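Subject: Structure handover

Hello,

Here is the structure I promised, with my notes below it. Please open the model alongside the text and follow the residue numbers as you read.

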Amino acid sequence: MNIKVTSVSKKSQHLSESAAAIFVITGDDLKRSGVTNIPDALRMVPGVTVARIDSNKWAVNVRGFNSRFAAQLLVLIDGRSVYTPTYSGVYWEVNDILLEDVDRIEVIRGPGATLWGANAVNGVINIITKHTKETHGGLVSAGNGNVEKNMASARYGNCFGEDSHWRIYTKHQERDEFKYLTGGKADDNWKITQFGFRMDSTLTPKDNLTVQGDIYEGDINQELNLVDKKNFPYMGVFPVETSVSGKNLLTRWQHTLSSSSDFSLQVYYDTTKRIEDIIDEKRDNFDMDFQHRFAAGTRHDIVWGVRYRYTDDDYANSIISDIDPTSRQDNLYSAFVQDEISFLRDRVRLTIGSKFEHNDYSGYEVQPSARLMWAANSRHKIWGAVSKAVRTPSRAEFDGKLSYVATPVSVAFPPSFVPKVVPLVIDMKGNEHFDAEELMAYELGYRFIPTHKFSVDLTFFYNDYENLRMFENGETVSTGTAIIMESNLVNGYSETSCGGGVAIIFKPSDFFKCNLAYSFINTDNNGIWGFPRHQVSARGQFNLTKTLELDAWLRYVDDTSASYIFTDNFQYDIDDYLTMDLRLGWKITPQLELSLVGQNLLDKTHMEFVQEAFSRATEVERSFYGKLTYQF
């Protein structure tokens, strides 16, 4: 609870003083868990739904509504947004990172739109890497296993004088293919290589400068059920090779005006390219963000800021998908202001503010919030919040079309009117009048911190969604060889959800630490969205000796509340599952460490999710890997 966070108020404050449902994954948590990627690490957080689709894809969201491209979640790496405006989702497979460089991952469950803007609806995930002065020296690691293949990374850091610190890194990782639920290899292996650097400089006693960048390139394989170009309009199973690449450059200047006032200016550019059979996408983003914090009197702590974002995209269409126009330039302008007001000798804090935003799809959006924190004493803290957030339309929702062949139907065509079975082709079309989805969220939280060895963090929420997207059947046309039906995107319905979660930390001694997390979610319409109602996570860390560590992680995930997910004309029921990971860490020397990790140990395989279209169900396999890390 004494960890300092910045995502709730855009200023440093203790987690226990934050009027939001925030959870922090530390760098030590990442190491002790044995995870090899960010999505799997997010399984620690109550209220976050993580489901693995195949060897290289995940579905991740907060408080329900999970999908391959969950659109209500904002994900940042060192302040740089990594969601794709094509679908308003995240390509988790290309947003890799050297986990040894991660300082912490701050996860807000619930709206963060007042500070972070559109798409921060169900939550915000802010991945923050270490300051370069903490990563002096070298690090080399290598690992291998039956699923995680050829893991290798290297990092070196040093300084220029006393005021400038830097590091460079490289990382390569490969992952073997999974198996289909029905048997056979899924041909979904994956590999990616990336390089990066970061430099932090103290220019003057009041000025700090950060410059960092990354470049990556990789190959993703999968088999998809696509329209057969040679046998249109029938479907066929085809191997799809996806080539991905990208680069980014970010700079951040922080200036201290006084003990109670400072400002920062952040500018970044990133470019991404994704070449595959479904659609080719090239995108360039430029983002500039300014924020200023100052105290007004003894009660008010005010932070305000402005932001401008420009994005330029270019697509190459296919027989399956079409985006028209194929190239477009979009602008986003926003401003926010937030005031934290203290009362009763700082025991009560009221935080009010709003985001004001204009985008090229839904126009002007206003996203206010009010949060109240009451510290009854050092042990008991209660908070509540009311917030509005919006999820703006994506490029595909405005200008896209997606075609697939559903279950064949029996039709009697003239002149004979003899029934025959023909394909049903569904054209899912975007809508240039599609409006933003809206959420009104009501939250309540309680924190109990009796000692530094034990804490309880309890949260409840009620979400009221409006203007949610759905497809509405339109015109149907008969060609004599097929039935073609339009399915048009509309703001078609409303939804409410409620639930809660609890996170417990217990550390009775230096020998043992336990982390428990539980979450519950319920909605009006459980048959549509793919997420479990109940999730449990229990992690135990045992320091057996000064050189030997044992970590155990037990997880239970309820059966998916969406009892049906349609893809390739099959129906799947996703059962609940119980699984466990184990890690044994041995410090052979002060510089050399060996880690042995077993993941998903309780079953040979289990299914977690099925992608919404074009793919077949795969199963997550029991896996093992070993890793050597040398620091100098």
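A residue is called buried under 20% relative accessible area, exposed over 50%, and partly exposed in between. N150 has a relative accessible area of 36%, so N150 is partly exposed. Keep in mind throughout that this is a predicted model.

**Backbone points to check**

N150 deserves a second look for its backbone too. Its phi is near 45 degrees, a positive value in a residue other than glycine. N150 sits in strand β11, which covers residues 148–160.

D346 is another non-glycine residue with a positive phi, here about 75 degrees. D346 lies in the loop between β21 and β22 (348–359). With 39% relative accessibility, D346 counts as partly exposed.

There is also a cis peptide bond. It joins D324 and P325, with omega about 10 degrees. P325 is in the loop between β20 (321–323) and β21 (327–343).

**E281**

Is E281 buried or exposed? The relative accessible area of E281 is 6%, so this residue is buried. E281 belongs to strand β18, residues 280–296.

Its side chain has two polar contacts to look at:

- One is with the side chain of T84, at 3.4 Å.
- Another is with the side chain of R283, at 3.2 Å.

Now set aside the neighbours within four places in sequence. E281 is then in contact with T84, T86, Y91, T272, K273, R274, D314 and Y315. So T84 turns up twice: as a polar partner of the E281 side chain and in this contact list.

**Strand β6 and its partners**

β6 spans residues 73–77, and 5 of its 5 residues are buried. Both faces of the strand are covered. L73, V75 and I77 are buried on one side. L74 and L76 are buried on the other.

Which strands does β6 pair with? One is β9 (residues 123–129): the two run parallel and are joined by 5 bridges. Within β9, I127 stands opposite I77.

β7 is another partner. Here the strands run antiparallel, with 2 bridges between them. L76 stands opposite S81 of β7. β6 and β7 form a hairpin, with 2 residues between the strands. D78, in the turn, has a positive phi of about 55 degrees.

**An open sheet**

Next, a sheet of 3 strands. It is open, its order is β13-β38-β37, and its pairing is antiparallel. The edge strands are β13 (179–180) and β37 (605–606), each of which pairs on one side only. β13 pairs with β38 (residues 618–621) over 2 bridges, in the antiparallel sense. K179 has E619 in β38 as its bridge partner.

**Cavities and a pocket**

How many cavities of 30 Å³ or more does the structure hold? There are 16. The largest has a volume of about 590 Å³. Its lining is made up of 40 residues. Nearest its centre lie R80, V82, N95, Y216 and N248.

Several strands each give at least two residues to this lining: β7 (80–81), β12 (164–175), β14 (190–204), β15 (207–227), β16 (235–258), β17 (261–275) and β18. Two of these names have come up already. β7 is the hairpin partner of β6, and β18 is the strand that holds E281.

The second largest pocket is another place to look. It contains about 1400 Å³ of space and is lined by 48 residues. T6, R252, Q254, S264 and Q291 lie nearest its centre.

Here are the two linings by residue class:

| Space | Nonpolar | Polar | Charged |
|---|---|---|---|
| Largest cavity | 14 | 13 | 13 |
| Second largest pocket | 10 | 19 | 19 |

**Where to start**

I would open the view on E281, buried at 6%, and its contacts with T84 and R283. Then go to the β6–β7 hairpin and D78 in its turn. After that, turn to the largest cavity, with R80 and V82 among the residues nearest its centre.

Best wishes

Terms used:
Residues numbered from 1 in each chain as written. Predicted model: local features only at pLDDT ≥ 70, side-chain atom pairs only at ≥ 80, totals over all residues. Heavy atoms only, no water. Helix = DSSP H or I, 4+ residues; strand = E, 2+ residues; numbered from the N terminus. Buried < 20%, exposed > 50% of the residue type's maximum accessible area, 1.4 Å probe, protein only. Polar contact = N/O pair within 3.5 Å; in protein donor to acceptor, adjacent residues only side chain to side chain. Contact = heavy atoms within 4.5 Å. 1 Å grid on protein atoms, 1.4 Å probe; cavity = no way out; pocket = protein on both sides within 12 Å on 5 of 7 lines; lining within 4 Å. Points joined across faces, edges and corners; volume = space filled by probe spheres on them. Nonpolar A, V, L, I, M, F, W, Y, C, P; charged D, E, K, R; others polar. Pairing = 2+ DSSP bridges.
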